[in-house]
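The following paragraphs offer a guided reading of the structure shown below. They proceed from overall composition to individual helices and residues, and then to the contact between the chains.

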Amino acid sequence: MTADAARGDREANPARDALFKTGLVALIPHLRAFARTLTGDATAADDLAQDAMMKAWDARASFEMGTNMKAWTFMILRNQFYSEKRRSWRQSQLDQEAAERTLVAIDDPAAPVALDELRLGLAMLPSEQREALVLVGAGGFAYEEAAEICNCAVGTVKSRVSRARRALQAILDRGDYDRDGAAAGEAMGSILAQAERLSSAR
Amino acid sequence: MKKVSSASAPLDEARLRQQAIGAKLRQIFDDVINEPVPDEFLEILRAADNARAEPEP
């Protein structure tokens, strides 16, 4: 397989493609979940996951069979997310809309409140912290793998995860997801704007 | 003995709360993983695969 891959992109290899496709299909639920945590919006997340899936398919010749395909596809999805984010400011708007929808959900007394509170808390984290926490805390990746996906040092991932945990705890303690919809919505807007400034200032 | 338990209590509480957050975080992620995949995903992948298998004449 490795020899086939080394021979180049142009050469068709149906058996290898079929194997790749099986692996890719199995990863779709994971790509959807990662995309959902990045965008905080189900529709935008599926668009992103589909784009990432097709980019992975188109780049299949450059994937070395037998290596970590989940990490490879997550890297593609993450790159796609940030390149779209750079192209427009759509994302901050989506974050805002998703946050407002979550606030509405929290107003529903029958909703599983604790989960919604955590969803909203996640949405309030700077994206670097959120993705690090999600990859390590929910995606099942080792720090080293998360570092590769995020294209940063292992120590950076560790510190982002640790800061994310502290921030999330603080957000939940402070009750910034307060049930007072309007006030919380405004607070959310300013926090998201601040997070946006911080991440774009890097 | 009493001193030790009172000093470690806040630490234990903090650890328990982080564990609770971790469990909920995994639940949020796993809930999406367990959703049925929309047909569209497999359709566009199949279309791309067919386009490769049957190149234009």
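From the N terminus on, the elements of chain A follow the order α-α-α-α-α-α-α-α-α-α. In this predicted model, chain A thus contains 10 helices and zero strands. Chain A has 202 residues, of which 37% count as buried. When contacts in chain A between residues at least 6 apart in sequence are considered, 67% of them join residues at least 24 apart.

Chain A is divided into two parts, domain 1 covering residues 2-87 and domain 2 covering residues 113-201. The contact between them draws nine residues from domain 1 of chain A and 11 residues from domain 2 of chain A. On the domain 1 side, α2 (14-39) and α4 (69-87) of chain A each supply at least two residues. The largest share of that side comes from α4(A), with four residues. By class, the side of domain 1 of chain A that touches domain 2 of chain A comprises five nonpolar, three polar and one charged residues.

Within domain 1, helix α3 of chain A occupies residues 42-58. How does the length of this helix agree with its number of residues? At 1.5 Å a residue, the 17 residues of α3(A) should span 24 Å, and the end C-alpha atoms are indeed 24 Å apart, which agrees. Several residues of α3(A) are buried, namely A:A44, A:A45, A:L48, A:A49, A:A52, A:M53 and A:A56.

Two of these residues, A:A52 and A:A56, are also touched by A:T73, a residue found in helix α4 of chain A. Is A:T73 buried or exposed? There are 26 other C-beta atoms within 10 Å of A:T73, so this residue is buried; the cut-off for a buried residue is 20 or more. Leaving aside residues up to four places away in sequence, A:T73 touches A:L27 and A:L31 as well as A:A52 and A:A56. A further relation links A:T73 to A:L24: the two residues are 49 residues apart in sequence, while their C-alpha atoms are 8.3 Å apart in space.

In domain 2, attention turns to a pair of helices. Helix α7 (residues 127-137) of chain A packs with helix α9 (residues 154-174) of chain A at an angle of about 100 degrees, and their axes are 8 Å apart. Angles of 65 to 115 degrees count as roughly perpendicular, and α7(A) and α9(A) are therefore roughly perpendicular to each other. From α7(A), the residues A:E128, A:Q129, A:R130, A:A132, A:L133 and A:V136 take part in the contact, where they meet A:V157, A:R160, A:V161, A:R163, A:A164, A:R165 and A:A167 of α9(A). The residues of this contact divide into seven nonpolar, one polar and five charged.

Helix α7(A) is mostly covered, with 10 of its 11 residues buried. The buried residues of α7(A) are A:S127, A:Q129, A:R130, A:E131, A:A132, A:L133, A:V134, A:L135, A:V136 and A:G137.

The loop between α8 (143-149) and α9 of chain A holds A:N151. Although A:N151 is not a glycine, it has a positive phi of about 55 degrees. Why does A:N151 count as exposed? Inside 10 Å, A:N151 has 11 C-beta neighbours, and it therefore counts as exposed, the limit for that class being 12 or fewer.

Chain B can now be considered. Chain B contains two helices and zero strands. Of its 57 residues, 9% count as buried. One residue of helix α1 of chain B is B:A20. B:A20 has 13 C-beta neighbours inside 10 Å and therefore counts as partly exposed. B:A20 and B:I44 are 24 residues apart along the chain, and their C-alpha atoms are separated by 39 Å.

The final topic is the contact between the two chains. Here, 22 residues of chain B are in contact with 26 residues of chain A. On the side of chain B that touches chain A, α1 (2-33) and α2 (39-53) of chain B each supply at least two residues. The most is given by α1(B), with 12 residues. By class, the residues on this side of chain B are 13 nonpolar, three polar and six charged.

Note on methods. Residues numbered from 1 in each chain as written. Chains lettered and ligands numbered in written order. Predicted model: local features only at pLDDT ≥ 70, side-chain atom pairs only at ≥ 80, totals over all residues. Contact = placed C-beta atoms within 7 Å. Nonpolar A, V, L, I, M, F, W, Y, C, P; charged D, E, K, R; others polar. Domains from an automatic or database assignment. Axes fitted to C-alpha atoms, helices over the stretch in contact; angles between N-to-C directions. Parallel < 35°, antiparallel > 145°, perpendicular 65-115°, else oblique. Expected span 1.5 Å × (residues − 1).
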